Amino acid sequence: MIDIRNLTLSIHGTDILHDVSLQIPQGQIFGLVGESGSGKSMTALALMQLLPQGGKTSGQVMVDETDVSTLGEADMCALRGNEIGMIFQEPMTALNPVKNIGDQVAETLLIHGQAKKSEAHTKARAMLDRVGLPADRFPLTRYPHELSGGQRQRVCIAMAIALRPKLLIADEPTTALDVTTQAQILDLLQELVREENMSLLLITHDLAVVAGMADHVAVMQNGVIVEQGQTEHLFRHMTHPYTRQLFEASSHQPDRDSDSKDAPILEVINAVREYKAPRTKLFHTAPPIRAVNDVSFTLKSGESLGLVGESGCGKSTLTRAILGLDPVQSGEIKLFGHAVGPDLPIKQRAAIQVVFQDPYGSFNPRWKVSRLVAEPFHMIDALPTDWREKVADALVSVGMHADDMDKYIHEFSGGQRQRIAIARALILRPEIIVLDEAVSALDVSIRAQILDLLAYLQKRMGLAYLFISHDLTVVRAITDRVLVMQAGKIVEQGETEQVFDHPKHPYTKQLLDAAPQIPSDWQEKKHA
Amino acid sequence: MKWPVQLKLGAFITVFFIAIIALSFFWTPHDVTILNIPEKLQPSSSKYLLGSDHLGRDILSMLMVGGRTSIAVALIAVSIGVIIGVPLGLLAAATRGSLIDEITMRSNDLIFAFPSLVIAILITAVYGPSASNAIIAIGIFNIPVFARVSRGAALSLWTLDYVLAARTFGKKSMRISIEHILPNIINLLIVQGTIQFSLGILAEAGLSYIGLGVQPPTPSWGRMLADAQTFIYSSPRLAFLPGMAIVMMVLGLNLMGDGLRDLLDPRIRRGR
Amino acid sequence: MIRFATFRLLSLTLSLIAASIVVFAVIEIIPGDTASYMLGLNATPEAVEALRNQLGLSGSIPERYIAWAGGLLTGDFGQSYTYRVPVSELILDRIWISIPLTLYALILSTVIAFPVGLISAARRGKLSDYSIMGATQLGIAIPNFWFAMLLVLIFAVNLHWFSAGGFPGWAGGFWPATKALTLPAIALALPQASILARVMRSSLLETLTQDYIRSARAKGLTRGQALRRHALRNAMIPVLTIIGMQFSFLLAGAIIIENVFFIPGLGKLIFQGITQRDLIVVESTVMLLVFAVILVTFIVDVAYAAVDPRLRTRK
């Protein structure tokens, strides 16, 4: 039984957590939900007493009968990994790259004196088997860089539960993973809780994940738990406005009516793009990797087309080819009937613009917004004399102020930057905007606003969108048609509703099954 | 932005030294070209503030004039490194993975196998010793340093979305390198420049000390040390003072470099 | 791992060939005739002609290069013009002073820098950290040959703990020889140790912010255990680079410092070669120095792979 009572935290005098109280009964899953900066991770770190320097806490953090906030560092070390285990968001960096996985799992046992050197590796082997990494494919001598993200997260779990702790804290354990891998990791966690009678504190930004997993849920905003309760009850009766807002944002359906005409403006015909495979032997070249394999589709004027697929499926490569950054090796990409490629005159390429994922990496930090938004004018003959007015118009049309053009980009939040990125994409009045994971890095409430903006702009300007995303919910909300991509191929395409409701290809089914969902009967009450 | 303590201290020392050395263009306490053997090896006095050397020249004046050599050599050597190294680094990054990149980086590795001293030895063996030897030897060694720093920093910038965006706007690699890459690595180059400047002063002193650099009668700190070695038992002051001048100048520059790094590198600033 | 080493060995060979071409080319571009340059203005035409033959200057440039490079490979470095003995003999006599001195300094520098950097990182922000960082800042600013003069002044002239210079030779026993190299090694090592300690500290601090350190702490490791068991080995990667580069600085430094201590090493040989215009000696000695630097770079590269398993599978 974990019992946090009136936990308050400040770091260098800034309030981070305020009066947080929650209980996690033995053998149950507790979901802690909130947007970035809400303090959910800090709650976990306070529980582990691994706060950043300058952190001051008050209140009690009871693990069974012990208040860990009063324990000294030595006692905490004995407790961590033994009574409480923890896994983190980024499995790619969470393991020591220079130690093999066997040693890293065995270390948990050795450090707590729970196994002799000789037995530690036997036990580590058993733990890795337990988390689904069998000995034949994953010997103890494997190094982290030889494993995928999902496999590394399994190693982290093995490390964290090696001593069968009472509580496992999982801080956004699947956020960095693909949806099918996410489902497998979540299943594993659920199974471990059940079989080991462990408690799990599951921290996530994703309401759908907790809906499918947790017994209890707490919703956190600005360091305060605004609402908590038994999961189904909480979802059915959301009493706090923030909970409702979060809920609505995560399943937000922008108000859109698409006005697609039959004229195809972008045609991809049997496109193939290959990469040189990394050399495995000194004098032996491996056959090239086909990142895009015989892909064909069309985008019609005013249409919103989704492209879904997991990481490594080839969607980024396809995007680069469509943007004319890389040539295709065979097949064709036609923009208004002209072949796209590094040879297409830039002026003709101006009809297609792009918005990227990372709101922080999308702008040169040394330029003012006016110059940033005006950069696409490079594509036409000369900078128009009224370029500042045009920049102002573009900024206003995405809900920013005209005065913002004299500021630098670091003065804006992630959501505002994404608006500026859209303004930049709009400045040349393109016909097509490619949205490459354009809302994936945003919190749900900001994401809902950007989706609304996109729907509004499409209606007003008759834009066509190519919406590339790994997030099925978003794609469903914003597109008319959808393409499902797997291993370089489009395996299924059709009307969005049709594909989502009646998927034909097994991979589409697998993707849809893997995506966590809030049970529909919990939601109905809300829509009523 | 608040200046870190070491930046203030370093800038103070550096400016102080440069001011005194610059003063020597207009005025020195004594003329260093005139030998005054009867007044050799004087202790410090009101006439010779820091004493006189084995040829009766005023040590303070010698230090002031000698500093010009150190600064000039180091400054030109850094400029050579920047002017050749930075464009090479940017080019290598813009064409990453290509033959040009490979050739640039491999030739850099090759130059790294020739320490400044070895280059100086080779040049001296062929052309005889001179100050320009020192400049070329140190300058050549600076090229791969700046090429590597620029390439490394530029490579990480090339992966950023704003560079990708600029490419979709049809901008060429050259233009992107100038507009987007260079302004964002300039901080790093300033910091590296300060470090190389101080290393240049040390290297010049070393080369002049062994006679591969500045030749008599031009005074330089390294040469003053070489001259002093004969008198190290009788007048250790002669060896002590130029050495201290080098140490203080280099210390000032290094402190400034460290301070600038803290001030300009957002990664470190955020880490606090 | 074997593939990695083979690849590195290949690039080592290529570097050596490229470096030898550079050295050869620099000596070749001497304005005017090499032989008359070496002999000076008063040489008789017969003497110049004789030297030309002796230098093998008669053939075409590629022929001469191949003859010279082939000679290097077989240990035939040519005949010194001034000493009238094979250059290989001259070098062999001296290399056993310069290389041990460099290695001695490298070991000293590493042995000093490791604990200092470690303590500084572990006690970050405390008084001991600030004092160490201040001292290293000073250490970097000190020219090693000047530091050598100060050491002589203190330990030889005033305290009489060491002799002020000279070298008894290894024939006189290991300890007297080592003792004679101690002051020069300290003078070389301390400034480099300052650099190394700073790199060690910042590399450790950088490593300590990594996610896997947080994972290790979540397993129950203390701060010290996490540092020793996880941070140290990862932090070694940039430190190894610096150690490799230091070898070349130390070797160059050794050549300068031999002057201060009147040690008859390669430095002396090169400077005599320069003043006496004995290009064959200069050319071969420089090539030898460059060879040593390239070899150490190779060793460091292979050491990387020992530290970092990721490098073993990549090229």
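This section describes chain C, its interface with chain B, and selected residues and salt bridges of chains A and B in a predicted model.

Chain C contains 13 helices and zero strands. Along the sequence, the succession of elements in chain C accordingly reads α-α-α-α-α-α-α-α-α-α-α-α-α. Taken along the principal axes, the box filled by the C-alpha atoms of chain C has dimensions of roughly 80 × 55 × 35 Å. Chain C comprises 315 residues, and 50% of them are buried. When contacts in chain C are restricted to residues at least 6 apart in sequence, 73% of these contacts join residues at least 24 apart. The accessible surface of chain C amounts to about 14000 Å², and carbon and sulfur atoms account for 68% of that surface.

A nonpolar patch on the surface is formed by C:L92, C:W96, C:W170, C:F174 and C:W175. Together, these residues present about 640 Å² of accessible area. Two helices of chain C, helix 5 (87-122) and helix 8 (174-208), each contribute at least two residues to the nonpolar patch. One member of the patch, C:W175, is located in helix 8 of chain C. C:W175 is classed as exposed because its relative accessibility is 64%, above the 50% cut-off.

The interface between chain B and chain C brings 37 residues of chain B into contact with 44 residues of chain C. About 3500 Å² of area is buried between the two chains, and 81% of this area comes from carbon and sulfur atoms. Polar contact across the interface of chain B and chain C is found for four residue pairs, both residues of each pair being at pLDDT 80 or more. One salt bridge is found across this interface. The salt bridge joins B:D258 to C:R198, with the closest N and O atoms 2.6 Å apart. On the side of chain B that touches chain C, two or more residues each are given by helix 3 (99-112), helix 4 (116-127), helix 7 (173-209) and helix 9 (236-264) of chain B. Helix 9 of chain B gives the most to this side, with 12 residues.

Besides its partner in chain C, B:D258 also meets B:R261 in a salt bridge, with an N to O distance of 3.8 Å. Both B:D258 and B:R261 belong to helix 9 of chain B, where they are three residues apart, about one turn of the helix. The two side chains fall into separate accessibility classes: B:D258 is buried, with a relative accessible area of 18%, whereas B:R261 is partly exposed, with a relative accessible area of 31%.

Elsewhere in chain B, B:A77 lies in helix 2 (residues 59-94). B:A77 has 0% relative accessibility and therefore counts as buried. Apart from its neighbours within four places in sequence, B:A77 contacts B:I135, B:I138, B:G139 and B:N142. The C-alpha atom of B:A77 is separated by 8.7 Å from that of B:F141, a residue 64 residues apart from B:A77 along the chain.

Over all chains, the structure holds 36 salt bridges. In chain A, A:K166 pairs with A:D64 in a salt bridge whose closest N and O atoms are 3.2 Å apart. This pair links distant parts of the chain, 102 residues apart. A:K166 is in the loop between helix 5 (149-161) and strand 7 (167-171) of chain A, and A:D64 is in the loop between strand 4 (55-63) and strand 5 (66-67). Both partners are partly exposed, with relative accessible areas of 26% for A:K166 and 30% for A:D64.

A further salt bridge connects A:R481 with A:E303, the closest N and O atoms being 2.5 Å apart. A:R481 lies in strand 19 (residues 481-486) of chain A, and A:E303 occupies the loop between strand 12 (289-300) and strand 13 (304-308); this pair also links distant parts of the chain, 178 residues apart. A:R481 and A:E303 are both buried.

Another arginine of chain A, A:R349, is found in helix 11 (residues 346-349). A:R349 is buried, with a relative accessible area of 7%. Leaving out residues up to four places away in sequence, A:R349 touches residues of chain A including A:L323, A:G324, A:L335 and A:M379, as well as B:R167, B:T168 and B:G170 of chain B.

Key: Residues numbered from 1 in each chain as written. Chains lettered and ligands numbered in written order. Predicted model: local features only at pLDDT ≥ 70, side-chain atom pairs only at ≥ 80, totals over all residues. Heavy atoms only, no water. Helix = DSSP H or I, 4+ residues; strand = E, 2+ residues; numbered from the N terminus. Buried < 20%, exposed > 50% of the residue type's maximum accessible area, 1.4 Å probe, protein only. Contact = heavy atoms within 4.5 Å. Patch = residues over 30% accessible without salt bridge, like charges linked within 9 Å, V, L, I, M, F, W, Y side chains within 5 Å. Areas by Shrake-Rupley, 256 points an atom, 1.4 Å probe, with all protein chains shown as cover. Salt bridge = Lys/Arg side-chain N within 4 Å of Asp/Glu carboxyl O. Buried area = accessible area lost by both parts, 1.4 Å probe. Polar contact = N/O pair within 3.5 Å; in protein donor to acceptor, adjacent residues only side chain to side chain.
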